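Visitor: Before we look, I would like to go through this model term by term and hear the reason behind each label.

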Amino acid sequence: MKQFILIICCWLLSLPLWAAETVKIVVEAGNFERKDCVISADISVLGTREVFSVALFEKIDKKKKPVKCQLIWEEKKPVLYWILDGVTPAGTSREFIAKRIKVHQGTGTMKVSDTGTALVLKKNGNEVLQYNYAVTFPPAGIDLAYQRSGFIHPAYSPSGNVLTAIQPKDHYHHYGIWNPWTRIEYDGKIYDLWNLGDKQGTVRARDIECTYQGDVCAGYKAMLDHYIFTPSGEKVIMDESWNIKAWNVADGFLWDFESGLHPSTDLPVLIKAYRYAGFGWRATEEWTKENSEMFTSEGKTRQGIDGTTARWIYVTGQCGNRGRSGMLFLGHPENYNAPEPLRIWDENANGGRGDAFVNFAPTKK
């Protein structure tokens, strides 16, 4: 927890420390007002095993209010998640009691469905995003080098508008929300895993390690492989993990995208400077310069964004006759090169259409 201070105490009730019955968790807002924030706490002190669950209560005066929570095992540790609902003023704190129980009666508001080719995250039955782990082939007549797996599309607005696009005719290698690198040095040679048409490499989904669903979040942890194409054949040089969680907040859709990269061989992998690479988003083809806008945390608008750094970027646009929708990307302050350089297309992109493309590009500088 970077944004909050959590103070965890336990009552032993004549049990060893690892088997405490209850813990008190104090959440301090710190210097900022908080609204509907996601909270996590390592509750290993409860000595929980996967056969147990946890009930959570907020202590308000002398009463205990039940709070929806969800227990997820991460790195073999039990982590409890819940939403700090409503407004928590700066400088205040709230007290919670977590209790070990045998059975958790959840409503399952946040769900994951497996279609056989993709995982779909849902909130109250409404689709939030889809992770495609099966291969998606390019349109007929297009080079098969443009096939791809391991990407997010569609990503939806709460009103059901699709905010991503894949395989647009101008860039067949664009895949909704995806995360390849453009200049990789390996064993003395340079490879491009972004521009699939160059046939130097690609990224492929490997497997799904786990999924999450319950009262607080729906998500998954997926593994991907980064391949280079050499004269002697294909070679995996990096493993990537995606940990995606969509949260049960009151308004809108909120979800986290966490990526981790690790070399797959004993040789070093150098991700070299380039003007675009990494986390990319190709927005719906309905958006052009005529009906969409971009803003950043630094007060920049579309014509002035490319090459600047920002903590966040917001894009909003008209979706046919279905109203406006938007998506806000917030970079984590512990990311490499944060606040990260932005690569975006200005209003002259694609022959003046001004399609929307956004890239958090930590290699740009």
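Guide: This is a predicted model, and we can start with E293, which is found in strand β22, residues 292–296.

Visitor: Why is E293 called partly exposed?

Guide: Partly exposed covers the range between the buried limit of 20% and the exposed limit of 50% relative accessible area, and E293, at 41% relative accessibility, therefore counts as partly exposed. Leaving out residues up to four places away in sequence, E293 touches Y314, V315, T316 and R324. The C-alpha atoms of E293 and G354 are separated by 10 Å, although these positions lie 61 residues apart in chain numbering.

Visitor: What does T288 touch, and why is T288 called buried?

Guide: T288, in the loop between β21 and β22, has a relative accessible area of 14%; buried means under 20%, so the label buried applies to T288. Not counting residues up to four places away in sequence, T288 touches R302, R353 and G354.

Visitor: What makes the pair of W178 and W194 tilted?

Guide: The structure holds 17 aromatic pairs, and W178 and W194 form one that has 5.0 Å centre to centre and 45 degrees between the planes. Centres within 6.5 Å make a pair, while planes under 30 degrees apart count as stacked and over 60 as edge-to-face, so an angle of 45 degrees leaves this pair as tilted. W178 lies in strand β13 and W194 in the loop between β15 and β16, so the pair ties together parts that are 16 residues apart in sequence. With relative accessible areas of 1% for W178 and 2% for W194, both fall under the 20% limit and are buried.

Visitor: What makes the pair of W194 and F357 edge-to-face?

Guide: The planes of W194 and F357 stand at 90 degrees, with 6.2 Å centre to centre; the distance is within 6.5 Å and the angle is over 60, so the pair is edge-to-face. This pair links distant parts of the chain, 163 residues apart, since F357 belongs to strand β26, residues 357–360. F357 is buried, as is W194.

Visitor: How do you know that the charged end of R183 sits over the ring of Y274?

Guide: The charged end of R183 is 4.3 Å from the ring centre of Y274, and the distance limit for such an arrangement is 6 Å, so the distance condition is met for R183 and Y274. R204 likewise lies over the face of Y227, at 4.3 Å from the ring centre.

Visitor: How do you know that the protein is as compact as a globular protein of its length?

Guide: The protein has two helices and 26 strands. Its radius of gyration is 22 Å, close to the 21 Å that the globule rule gives for 365 residues, so the protein is as compact as a globular protein of that length. Of the 365 residues, 47% count as buried.

Visitor: Which residues have the most contacts inside the largest nonpolar core?

Guide: The largest nonpolar core has 46 residues, and those with the most contacts inside it are I152, Y220, W255, W281 and I313. A second, separate core has 18 residues, including V23, V67, L71 and W82. Y220 and W281 also belong to one aromatic cluster, together with Y131, W242, F257, F279, W287 and F329.

Visitor: Why is A361 called buried?

Guide: A361, in the segment after β26, has 0% relative accessibility, which is under 20%, so A361 counts as buried. Leaving aside residues up to four places away in sequence, A361 touches R275, Y276, A277, P341 and R343.

Visitor: What is said about the phi of Q167 and of N350?

Guide: Most residues other than glycine have a negative phi. Phi of Q167 is near 50 degrees, a positive value in a residue other than glycine, and N350 has a positive phi of about 55 degrees although N350 is not a glycine. Q167, at 14% relative accessibility, counts as buried, whereas N350, in helix α2, is partly exposed at 26%.

Terms used
Residues are numbered from 1 along each chain as its sequence is written. This is a predicted model: local features need pLDDT of at least 70, side-chain atom pairs count only at pLDDT 80 or more; totals for chains, interfaces and linings use all residues. Side-chain values use heavy atoms; hydrogens and water are left out. Helices (H or I, at least four residues) and strands (E, at least two) are DSSP runs, numbered from the N terminus. Buried means under 20% relative accessible area, exposed over 50%, partly exposed in between (1.4 Å probe, protein chains only). Contact means heavy atoms within 4.5 Å. Rings of Phe, Tyr and Trp (its six-membered ring) pair if their centres lie within 6.5 Å; planes under 30 degrees apart count as stacked, over 60 as edge-to-face and the rest as tilted. A charge sits over a ring if NZ of Lys or CZ of Arg is within 6 Å of the ring centre and within 35 degrees of the ring normal. The radius of gyration is taken over C-alpha atoms; the globule rule is 2.2 Å times the number of residues to the power 0.38. A nonpolar core is a set of buried Ala, Val, Leu, Ile, Met, Phe, Trp, Tyr and Cys residues joined through side-chain atoms within 4.5 Å.
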